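Here are my notes on this model, set out as numbered points. Please read them with the structure open.

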Amino acid sequence: MTHDPWECTELSEAPKNWIRATENGWGALVLWAAGPANFARVRSAARDRFGSMVRRLPEGGEQGQPFLLTEADLSSIDDAIDVYLAAADIPPRPRGFDWYIRRPINYDLNDETFWGVVWAATTERLPHDGLRPATMVDPAKEAMASFYRD
């Protein structure tokens, strides 16, 4: 019998009022830290996915421009996530899913604020040079436990 270390609820559509995980190593580490009762996955639908290129303007400010991600781009993103997770001694996340994290009910946070609050709670006691995946797992677990305990 094989055990999927990322086993969680698999849904047919995005769960209402849950937060979509960021498509990077940090987002995957937070999912892992939250535990399977607090995250779910949905098979990625065949659709165009976009990245955003931002360039700084000479007069100041920035200009963003979306671009279509290729299969190679998406594979490269997944590879980078796997490398980040491996640095934290976390097994690779299964590919082909969109990942969602349960919104803490006692916090009135929009998606962007949620990620900022989790980052701050995880890194507040770490030295600046300690912001490595391996040193962030336990503080992220503590942060997520406090969100879901209340």
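**Notes on the predicted model**

1. Start with Asp89, which sits in the loop between helix 2 and strand 6. The model is a predicted one. Asp89 is not a glycine, yet its phi is positive, at about 60°. Its relative accessible area is 71%, so Asp89 is exposed.

2. Arg93 belongs to the loop between helix 2 and strand 6 as well. Is Arg93 buried or exposed? Its relative accessible area is 5%, and the cut-off for buried is under 20%, so Arg93 is buried. Leaving out residues up to four places away in sequence, Arg93 touches Trp6, Glu23, Ala28, Asp78, Ile81, Asp82, Leu85 and Trp99. Check these contacts on screen.

3. Now the largest nonpolar core. It holds 29 residues. Which of them touch the most other members? They are Trp6, Trp99, Ile101, Phe114, Trp115 and Met144. Two or more core residues come from each of helix 1 (25-34), helix 2 (71-87), strand 6 (97-101), helix 3 (111-123) and helix 4 (133-149). Helix 1 gives the most, with 7 residues.

4. Take Met144 as a way into this core. Setting aside neighbours within four places in sequence, Met144 is in contact with Val30, Ala33 and Ala34. Its other contacts on that count are Ile101, Phe114 and Val118.

5. Next, the packing of helix 1 and helix 3. Two packed helices are described by the angle between their axes and the distance between the axes. For helix 1 and helix 3 the angle is about 75°, and the axes are 12 Å apart. Angles of 65 to 115 degrees count as roughly perpendicular, so helix 1 and helix 3 are roughly perpendicular to each other. From helix 1, the residues at this contact are Trp26, Gly27 and Val30. They meet Trp115, Val118, Trp119 and Thr122 in helix 3. By class, the contact has 5 nonpolar and 2 polar residues, and no charged ones.

6. The open sheet has 4 strands, in the order 1-3-6-2, with mixed pairing. Strand 1 (9-11) and strand 2 (19-20) are the edge strands, each pairing on one side only. Helix 1 packs on this sheet and touches strand 3 (39-43) and strand 6. The direction of helix 1 makes about 55° with that of strand 6.

7. The strand pairs can be taken in sheet order. Strand 1 and strand 3 run parallel and are joined by 3 bridges. Here Thr9 stands opposite Ala40 of strand 3. Strand 3 pairs with strand 6 in the antiparallel sense, over 5 bridges. Val42 faces Asp98 of strand 6 in that register. Strand 2 and strand 6 are also paired in the antiparallel sense, over 2 bridges. Arg20 has Tyr100 in strand 6 as its bridge partner. As for cover, 4 of the 5 residues in strand 3 are buried, and the strand is mostly covered.

8. The loop between strand 1 and strand 2 deserves a look. Pro15 lies in it. With 13% relative accessibility, Pro15 counts as buried. Not counting residues up to four places away in sequence, Pro15 touches Val42 and Tyr100. Pro15 and Thr122 are 107 residues apart in sequence, and their C-alpha atoms are 25 Å apart in space.

9. Asn17 is found in the loop between strand 1 and strand 2 too. Is Asn17 buried or exposed? Its relative accessible area is 53%, and exposed means over 50%, so Asn17 is exposed. Its phi is near 70°, a positive value in a residue other than glycine.

10. Last, the hairpin. Strand 4 (residues 50-56) and strand 5 (residues 62-68) pair in the antiparallel sense over 7 bridges. One pair to check is Ser52, whose bridge partner in strand 5 is Pro66. How many residues lie between strand 4 and strand 5? There are 5 residues between them, and Gly60 in the turn has a positive phi of about 105°.

Definitions and conventions: Residues numbered from 1 in each chain as written. Predicted model: local features only at pLDDT ≥ 70, side-chain atom pairs only at ≥ 80, totals over all residues. Heavy atoms only, no water. Core = buried A, V, L, I, M, F, W, Y, C linked by side-chain atoms within 4.5 Å. Buried < 20%, exposed > 50% of the residue type's maximum accessible area, 1.4 Å probe, protein only. Contact = heavy atoms within 4.5 Å. Axes fitted to C-alpha atoms, helices over the stretch in contact; angles between N-to-C directions. Parallel < 35°, antiparallel > 145°, perpendicular 65-115°, else oblique. Nonpolar A, V, L, I, M, F, W, Y, C, P; charged D, E, K, R; others polar. Pairing = 2+ DSSP bridges.
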